[in-house]
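Open the structure in your viewer and keep the selection tool ready. The stops below are meant to be taken in order.

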Amino acid sequence: ARHLLGIEPLSPTDITSILDLAESYVDLNRRTIKHADALQGMTQINMFFENSTRTQSSFELAGKRLGADVMNMAMAQSSVKKGETLIDTALTLNAMHPDLLVVRHPQSGAVNLLAEKVNCAVLNAGDGRHEHPTQALLDALTIRRSKGRLHRLTVAICGDIVHSRVARSNLILLGKMENRVRLCGPATLMPAGAGDLGVEVYQDMREALDGADVVMMLRLQKERMDGGFIPSEREYYHRWGLDAEKLSHAKPDAIVMHPGPMNRGVEIDGTIADDINRSVIQDQVEMGVAVRMAAMDMLARNLRAERGARASEGV
Ligand code: CP
């Protein structure tokens with residue numbers, strides 16, 4: 001494929017290939033290994049129309065590890081502020097002949113639309129409530145390294161499901177790899193028809209966590225809520241925040257995940273988030289660089305093959 005816009009088009013073999021390639025970039029000290037020839041001579045532009053700490057910095061580091069010329073567009077200081085549209089901005093950057101565009105945007109579907117207008121490979125770094133494919137891939141690699149497999153696991157994804165592109169990409173990936181996925185959260189934060197997605201739906205955390213191998217907590221995405229919120233944060237923490245008592249219902253060796261940024265004391269107890277015997281939150285960040293290296297390396301190979309084929313056809 002030319003782009004990585006979501007998990008939906010990937011087969012289980014594609015997913016395993018990306019994770020294996022990412023694994024090959026991680027050394028025994030869990031640091032990523034430099035492969036400066038992979039994207040040598042290629043240009044990567046990062047366009048983040050929404051805030052980011054983990055995704056933007058790890059895409060930048062991944063591009064540099066692979067030898068690309070990496071440019072971070074400061075979207076808040078760009079001509080978008082003068083009214084330039086997403087497509088005009090993309091076409092302007094496209095005219096500078098980048099090879100890889102990494103895009104985060106608040107509108108679901110905006111990255112797919114942009115991908116239709118440019119000549120380079122596009123990687124979705126999160127679009128609205130739609131998908132965040134590299135997050136699901138780094139979560140999958142973290143699970144595989146911790147549990148030794150990525151199939152026949154019970155994974156509880158808990159919290160603000162309806163606004164979460166992380167939940168969406170994860171439930172698609174985990175389903176493709178034949179895991180049992182449970183969604184848990186307040187009814188107001190559960191998508192309509194969630195039960196038709198091949199998952200089990202719960203409102204009670206203790207039932208959702210019962211016998212789970214993986215507990216994945218999500219941030220309350222207040223920036224996507226238009227007034228119709230839920231109880232107070234205190235009430236939310238009481239019912240859906242992960243504390244020691246709720247976690248005791250999961251398997252004794254269950255791992256705890258959170259994509260970040262996290263609200264301690266709202267969706268997760270800070271002591272659990274920091275417990276290196278249970279929490280793999282820092283491992284998720286570590287795997288982010290390797291997975292983004294693998295995704296860009298794979299797309300760069302496809303791009304080179306596509307360009308080579310066009311050149312040999314004289315196009
Ligand atoms: N998990 C995630 O996407 O984090 P950032 O918003 O900091 O990139």
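The tour goes from an annotated domain to the ligand, then to the nonpolar cores and a few single residues. Keep in mind that this is a predicted model.

**Stop 1: the annotated domain**

Select residues 2-144. UniProt, in an unreviewed entry, gives this span the feature "domain: Aspartate/ornithine carbamoyltransferase carbamoyl-P binding". Helix accounts for 36% of the span and strand for 17%. The C-alpha atoms at its two ends are 26 Å apart.

**Stop 2: the ligand**

Next, select the ligand and show the residues around it: Ser52, Thr53, Arg54, Thr55, Arg104, His132, Gln135, Pro259 and Gly260. Which atoms of serine 52 and the ligand lie 2.6 Å apart? They are a polar side-chain atom of serine 52 and an oxygen atom of the ligand. At threonine 53, look at the backbone instead, where a polar atom is 2.8 Å from an oxygen atom of the ligand. On glutamine 135, an N or O atom of the side chain is 3.0 Å from a ligand nitrogen atom. The ligand taken alone exposes 260 Å², and the protein buries 92% of that area.

**Stop 3: a cis peptide bond**

From Gly260, one of the residues around the ligand, step to proline 261. The peptide bond joining glycine 260 to proline 261 is cis, and its omega is near -10 degrees. Proline 261 sits in the loop between strand 9 (255-257) and helix 10 (270-273).

**Stop 4: the nonpolar cores**

In soluble globular proteins, nonpolar side chains tend to be buried together. Here the largest nonpolar core has 63 residues, and those touching the most other members are Leu123, Leu137, Ile157, Leu173, Leu183 and Met296. Which helix gives the most to this core? Select helix 11 (residues 281-312), which supplies 11 residues.

Now centre on methionine 296. Beyond its neighbours within four places in sequence, methionine 296 is in contact with Leu39, Gln44, Phe59, Ala62, Gly63, Leu66, Leu100, Val102 and Leu123. A second core, separate from this one, has 25 residues, including Met205, Val215, Val266 and Ile268.

**Stop 5: strand 1 and helix 2**

Select strand 1 (residues 43-48), which contains isoleucine 45. Is isoleucine 45 buried or exposed? Isoleucine 45 counts as buried because its relative accessible area is 2%, and the cut-off is under 20%. Leaving out neighbours within four places in sequence, its contacts are Met71, Met73, Leu93, Pro98, Leu100, Leu101 and Val102. For a distance check, isoleucine 45 and serine 58 are 13 residues apart in sequence, and their C-alpha atoms are 13 Å apart.

Move to glutamine 56 in helix 2 (residues 54-65). Glutamine 56 is also buried, at 18% relative accessibility. Apart from residues up to four places away in sequence, glutamine 56 touches Asn46, Phe48 and Asn72.

**Stop 6: two positive phi angles**

Finish in two loops. Arginine 30, in the loop between helix 1 (12-24) and strand 1, has a positive phi near 65 degrees without being a glycine. Its relative accessible area is 34%, so arginine 30 is partly exposed.

Then select histidine 97, in the loop between helix 3 (86-94) and strand 3 (100-105). Histidine 97 is not a glycine either, and its phi is positive at about 60 degrees. Histidine 97 is exposed because its relative accessibility is 60%, and the cut-off is over 50%.

Notes. Residues numbered from 1 in each chain as written. Predicted model: local features only at pLDDT ≥ 70, side-chain atom pairs only at ≥ 80, totals over all residues. Heavy atoms only, no water. Core = buried A, V, L, I, M, F, W, Y, C linked by side-chain atoms within 4.5 Å. Buried < 20%, exposed > 50% of the residue type's maximum accessible area, 1.4 Å probe, protein only. Helix = DSSP H or I, 4+ residues; strand = E, 2+ residues; numbered from the N terminus. Contact = heavy atoms within 4.5 Å. Near = heavy atom within 4 Å. Polar contact = N/O pair within 3.5 Å; in protein donor to acceptor, adjacent residues only side chain to side chain. Areas by Shrake-Rupley, 256 points an atom, 1.4 Å probe, with all protein chains shown as cover. UniProt positions renumbered as here; feature names shortened; annotations may be inferred.
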